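Work through the following exercises with the sequence and the structure side by side. Each task is followed by a solution that goes step by step.

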2 protein chains.
Amino acid sequence: MATIYDVSQLAGVSLATVSRVMNKNTNVSEKTKQKVLAAMAELGYRPNTFAQSLASNCSNSVGVLVSQLDGPYYGPMMAEIEAALRADNRHVIIAVGHSDAAQEIDSVEFLLSKGCDALILDVEAISDEYLIKLSQSSTPIVLINRYIAEISDCCIYLNNELGGYLATRHLIELGHRDIAYISGPAKKHDAIERLEGHKRALAEVGVSFDPALCFEGDYKEDSGVDGMNYLLSLDKKFTAVVCANDQMVSGAISVCLERGMKIPQDLSFVGYDNIPFARYVSPKLTTVNNPIHEMGKMAALWLLKNLYNKDIAVENVFEPELVVRNSAISI
Amino acid sequence: MATIYDVSQLAGVSLATVSRVMNKNTNVSEKTKQKVLAAMAELGYRPNTFAQSLASNCSNSVGVLVSQLDGPYYGPMMAEIEAALRADNRHVIIAVGHSDAAQEIDSVEFLLSKGCDALILDVEAISDEYLIKLSQSSTPIVLINRYIAEISDCCIYLNNELGGYLATRHLIELGHRDIAYISGPAKKHDAIERLEGHKRALAEVGVSFDPALCFEGDYKEDSGVDGMNYLLSLDKKFTAVVCANDQMVSGAISVCLERGMKIPQDLSFVGYDNIPFARYVSPKLTTVNNPIHEMGKMAALWLLKNLYNKDIAVENVFEPELVVRNSAISI
DNA sequence: CTGTTAGCGCTTTCAT
DNA sequence: ATGAAAGCGCTAACAG
């Protein structure tokens, strides 16, 4: 592998000059620059990133920590982050936290030990305190799907409460009053907020929230199955159910169909996230759009702006929107 | 940030000794080792990976190149790769090739320029020649979802032809003879092989393959929609359709349901890949299992064995299996 | 505009 | 078993 030294010899200049043309330093005459470029091409020169990182103390890499890689949720986000960073010749190192505090912290340490210039974190279990302290270290972080007042500037998040509100209000407008709810894990921020929105919509029309009609799932399809079986076993009337994410809706609907029920005729459903599959299942899901890919992109842009000094406008909070399809009809 | 020098001073030993304990070199007395370890802990020492990589010419990183990040397909694979490598303290750098030759090559160069120790590639558009030449360079590669005779040792792949055969034979056993087919892109190896298997199953019972009943899709849901609309517009009889992947089945089925057809009563479907959603859509999909996550894991193990000298048994070819659910019934 | 030189933090002979 | 010292390839003052 050719080194910067080989290039300098071939071009008949010094190491420093070669380094200057690589780093687009303007203080190089056009003529010298061309000589160097030619020499690089001839040798098939490729800079050694480790030497660069060691000398410059900048790795051009950003670590991305997500809860899981195998669901339908993080793919679009990762895709946007990769694309935005790649366009600027930075690379992304991935790590998975599995929604567990110990593993999340371990992953953060891991990414830090790999010399990332910055971290994009989608973490649920790590405490606010830890993150606040982390944000004060020399490695910048940006938080996706989480809002912490003390470090709000680096938080990119969705107005989850509003989404929960929109989902339930849609059903209310369709005439529903007895609405069941399958929520996400009670310890996750977004799950709590979505449920809050649901309650607000209910309260707005004077319907009291019935805890018995609320099942705590874990955002996976199977817990939608469990939740639906639970609700159906109840001796309670309900004409609609909102689920805190689309994966749980699909699980819930599959239970109903298996029991011979007609959806949405017998029961209306509203989901959350608008994952790609939502438009291909039957019935097509009425759901709340979660612009997770846009938030991923924004996180990358945030870094380009704050870490690599690009001139970019960033916004921190995203608004969810109701996507009306066929899983919910008027009573 | 503390350096190895600081540690050596605190422990009262030389740089070399500190380096030895970090690298688990045995030639260090237990006593000295403990002193060093204590010094490291006290300083919160974390080795600088760039200096390590520069000096040792080993980065402990592997590049993973996939076609896309936002489908349901690669997530499970990435998850396994990340987990296996992470367990051995290596990290993964991701890049996306978008199924385009130029972009795939660009991504390979990108990963190489980032100093990866090895590459795991799931590429479709890059030529065999390029890959063969690449495999002869100093950076080891392992190919997922692709078989190239000349470098078969580093290929981890599925017996796609058999999968295609199993899908169609299942329908034949159910009594179907008029079977339509929605294939993947004609230029992709796996799409071709799956179609071959379909043809073999047909030939086995003396049914001739009708090109008019075969639509070329692109593996995305929308092309399943297009394919179904095309087939339905034909003035041909068919009682079943096999799709080259589950995403296209879901698109195809959504068209039928929208037209008021009953699935599987009016038309049977068999898919391919067994993506997570296959068991939650209605009807639950009869499909061919594609152990993509196992192949991802195997690719990672292959590297651990061949690059990092772990003692692991690897297998190169995986066999698909039919998963019978509810989307196909006897005629 | 260009060259010289001192590191960046660690690994790895080679001595002892 | 331990230490001294020569790089690994590049960046960034500094000097001219």
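A polar contact is a pair of N or O atoms within 3.5 Å. With that cut-off in hand, keep in mind throughout that the model is predicted.

**Exercise 1. Contacts with DNA strand C**

Task: Find which residues are the closest to DNA strand C, and how far a base oxygen of that strand is from a polar backbone atom of A55(A).

Solution: Begin with the surroundings of the strand, where 25 residues are found, the closest being T17(A), R20(A), T32(A), I4(B) and Y45(B). Of the atoms of DNA strand C that come within 4 Å of the protein, 63% are accounted for by sugar and phosphate.

Next, turn to single atom pairs. The distance between a polar backbone atom of A55(A) and a base oxygen of DNA strand C is 3.4 Å, and this pair counts as a polar contact because its two atoms lie within 3.5 Å. The side chain of R20(A) also has an N or O atom 2.3 Å from a base oxygen of this strand, whereas N48(B) places a backbone N or O atom 3.2 Å from a phosphate oxygen.

Then ask which elements build the surface near DNA strand C. At least two residues each come from α2 and α4 (49-56) of chain A and from α2 (15-22) and α4 (49-56) of chain B, and the largest share, four residues, is supplied by α4(B). Sorted by class, this surface holds 12 nonpolar, 12 polar and one charged residues.

**Exercise 2. A residue close to the strand**

Task: Decide whether T17(A), in the helix where it is found, is buried or exposed.

Solution: First locate T17(A), which belongs to helix α2 (residues 15-22) of chain A. Then compare its relative accessibility with the cut-off: T17(A) has 14%, and therefore it counts as buried, since buried means under 20%. Finally, list its partners, which are V28(A), T32(A) and V36(A) once neighbours within four places in sequence are left aside.

**Exercise 3. Contacts with DNA strand D**

Task: Describe the residues that surround DNA strand D, and say which phosphate contacts Y45(A) and T32(B) make.

Solution: Start again with the surroundings, which comprise 26 residues, with I4(A), Y45(A), R20(B), S29(B) and T32(B) as the closest. Sugar or phosphate contributes 64% of the atoms of DNA strand D within 4 Å of the protein, and the bases contribute the rest.

Now take the atom pairs in turn. Y45(A) has a polar side-chain atom 2.3 Å from a phosphate oxygen of DNA strand D, and T32(B) likewise has a polar side-chain atom 2.3 Å from a phosphate oxygen of this strand. On the base side, a backbone N or O atom of A55(B) lies 3.5 Å from a base oxygen. Two or more residues of the surface near DNA strand D come from each of α2 and α4 of chain A and α2 and α4 of chain B. By class, the residues of this surface are 12 nonpolar, 12 polar and two charged.

**Exercise 4. How the two chains are related**

Task: Work out what rotation superposes chain B on chain A, and how many residues each chain gives to the contact.

Solution: The superposition needs a rotation of 180 degrees with a shift of 0.1 Å along its axis, and it leaves an RMSD of 0.1 Å. Therefore the relation is that of a two-fold axis. Both copies use the same surface, for 98% of the contact residues of chain B recur in chain A.

Counting residues, chain B gives 49 to the contact and chain A gives 48. The area buried between the two chains is about 4,300 Å², with 62% of it on carbon and sulfur atoms. On the side of chain B, F50(B), F277(B) and Y280(B) provide 18% of the area buried against chain A, more than any other three residues.

**Exercise 5. Two buried residues**

Task: Find where D273(A) and Y165(B) lie and which residues they touch.

Solution: D273(A) sits in the loop between β9 (268-270) and β10 (287-289) of chain A, and its 7% relative accessibility is why it counts as buried. Its side chain makes a polar contact of 3.0 Å with the side chain of N290(A). Beyond four places in sequence, the residues in contact with D273(A) include Y73(A), R194(A) and N245(A).

Y165(B) is part of helix α8 (residues 160-173) of chain B and is buried, with a relative accessible area of 7%. Not counting residues up to four places away, Y165(B) touches G197(B), H198(B), R200(B), A201(B) and E204(B).

Notes. Residues are numbered from 1 along each chain as its sequence is written. Chains are lettered from A and ligands numbered from 1 in the order in which they are written. This is a predicted model: local features need pLDDT of at least 70, side-chain atom pairs count only at pLDDT 80 or more; totals for chains, interfaces and linings use all residues. Side-chain values use heavy atoms; hydrogens and water are left out. Copies are superposed by least squares on the C-alpha atoms of residues with pLDDT of at least 70 in both. Contact means heavy atoms within 4.5 Å. Buried means under 20% relative accessible area, exposed over 50%, partly exposed in between (1.4 Å probe, protein chains only). A polar contact is a pair of N or O atoms within 3.5 Å; within protein, one must be able to donate a hydrogen and the other to accept it, and residues adjacent in sequence count only if both atoms are side-chain atoms. A residue is near a molecule or strand if one of its heavy atoms lies within 4 Å of it. Ala, Val, Leu, Ile, Met, Phe, Trp, Tyr, Cys and Pro count as nonpolar, Asp, Glu, Lys and Arg as charged, and the others, Gly among them, as polar. Buried area is the accessible area (1.4 Å probe) that two parts lose on being put together, summed over both.
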